[in-house]
Amino acid sequence: MCGLTGFISTKKLTDKQAAKRKAIYRALLLSMQARGFQSTGQASITDSEVIIDKKAVAAEDFIKLKTFKKSIGKDINITMGHTRFATKGSISDRNAHPFVKGKIVGTHNGQVFDFNPKIDDGHEVDSELIFNAINKYEKLQKALNQVNGNVAIAWINTEHLTELNLFTDGGNDIFICEIKELHTYFYASTSEALELIMACFYREPKTVLQVPESTHLIITTKNEIIEKALTITGYYKTTYDFDFKRANSDRMDNDDEISCDNCLQPFNYKDLEWNGDFQAYLCEPCWKKWEKEILEDKQWKDLQHKS
């Protein structure tokens with residue numbers, strides 16, 4: 001589970017407007033820390049460049065960095081923020097989002113399984129496969145059908161710096177809220193974050209809308225909104241319902257075996273270690289390894305101690 005948040009502005013802002021936009025985004029990024037505290041990152045896009053800043057720290061520490069304070073001034077048109085709770089890949093600055101793959105810069109909430117060699121140029125984090133695919137294939141539908149998993153993604157193409165792309169499939173959500181006073185659309189992984197934070201800044205309630213599932217939503221700096229419905233067949237939609245009989249013949253050759261979502265080795269599903277929070281099927285060795293890494297993480301220990 002990770003957190004996505006960010007914004008796109010459709011006009012150049014005054015200093016006062018930019019300061020308020022920054023305050024709202026800062027609050028949203030902090031609210032996403034509950035979804036991931038092991039790393040925080042963002043990509044800030046101007047008319048001509050992409051500025052990436054990411055660290056293996058919680059959002060509450062990230063916003064104190066000098067680089068954060070400089071990266072969301074009034075010359076920024078788009079910002080994509082991310083908070084990470086690691087599932088695959090070590091906790092490091094390198095493995096924090098966003099990822100840059102060719103002309104694609106993106107952030108992801110979800111998990112990717114069954115690593116497809118067609119889109120794997122060597123990765124440490126499963127999310128990288130998605131942006132490899134989007135970079136490789138011209139058509140988004142073809143790209144996403146190369147990957148198995150569940151996704152909520154925000155990305156930009158460096159050849160089109162005026163466009164913010166959003167997409168969800170497999171049960172992970174993205175919500176958006178337009179603040180007309182700031183000529184800005186904000187987005188986040190939860191509607192509650194947007195509703196509660198906007199209520200702190202505005203007396204009148206603001207409308208929060210959900211990005212439709214399996215729909216490619218494009219918002220431009222010219223205030224254009226484009227929706228493209230996609231047919232995604234490469235994904236199986238995992239849920240919290242524990243369904244061993246899910247329809248995916250490539251992964252289940254018989255009634256007794258399923259492949260581990262981490263090491264991909266087959267094992268008897270009766271011996272399954274089920275990690276419901278991350279919707280993953282893990283064999284016992286992979287579960288023990290994942291559990292050990294999490295429990296040894298200092299920030300996790302501190303969080304448990306506080307609670």
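**Exercise 1.** Does asparagine 223 count as buried, partly exposed or exposed, and at what relative accessibility?

*Solution.* The model is predicted.
Step 1: place the residue. Asparagine 223 is found in the loop between strand 12 and strand 13 (225-229).
Step 2: read the accessibility. Asparagine 223 stands at 38%. Buried means under 20% and exposed over 50%. Asparagine 223 therefore counts as partly exposed.
Step 3: check the backbone. Phi of asparagine 223 is positive, about 65 degrees, although the residue is not a glycine.

**Exercise 2.** Treat serine 214 likewise: find its loop, its phi and its burial class.

*Solution.* Step 1: serine 214 sits in the loop between strand 11 (208-210) and strand 12 (215-220).
Step 2: its phi is near 60 degrees, a positive value in a non-glycine residue.
Step 3: relative accessibility is 16%, so serine 214 counts as buried.

**Exercise 3.** Locate arginine 84 and examine its charge partners.

*Solution.* Step 1: arginine 84 belongs to strand 4 (residues 78-84).
Step 2: arginine 84 is buried, yet it has no salt bridge. The nearest side chain of opposite charge is aspartate 126, 6.3 Å away. The salt-bridge cut-off is 4 Å.
Step 3: list contacts, leaving out residues up to four places away in sequence. Among them are Cys2, Phe37, Gln38, Asn95, His97 and Val125.

**Exercise 4.** Follow the contact to histidine 97 and describe the peptide bond to proline 98.

*Solution.* Step 1: arginine 84 touches His97.
Step 2: the bond from histidine 97 to proline 98 is cis, with omega near 5 degrees.
Step 3: proline 98 lies in the loop between strand 4 and strand 5 (99-101).

How values were computed:
Residues numbered from 1 in each chain as written. Predicted model: local features only at pLDDT ≥ 70, side-chain atom pairs only at ≥ 80, totals over all residues. Heavy atoms only, no water. Helix = DSSP H or I, 4+ residues; strand = E, 2+ residues; numbered from the N terminus. Buried < 20%, exposed > 50% of the residue type's maximum accessible area, 1.4 Å probe, protein only. Lys, Arg positive; Asp, Glu negative; His and termini not counted. Contact = heavy atoms within 4.5 Å.
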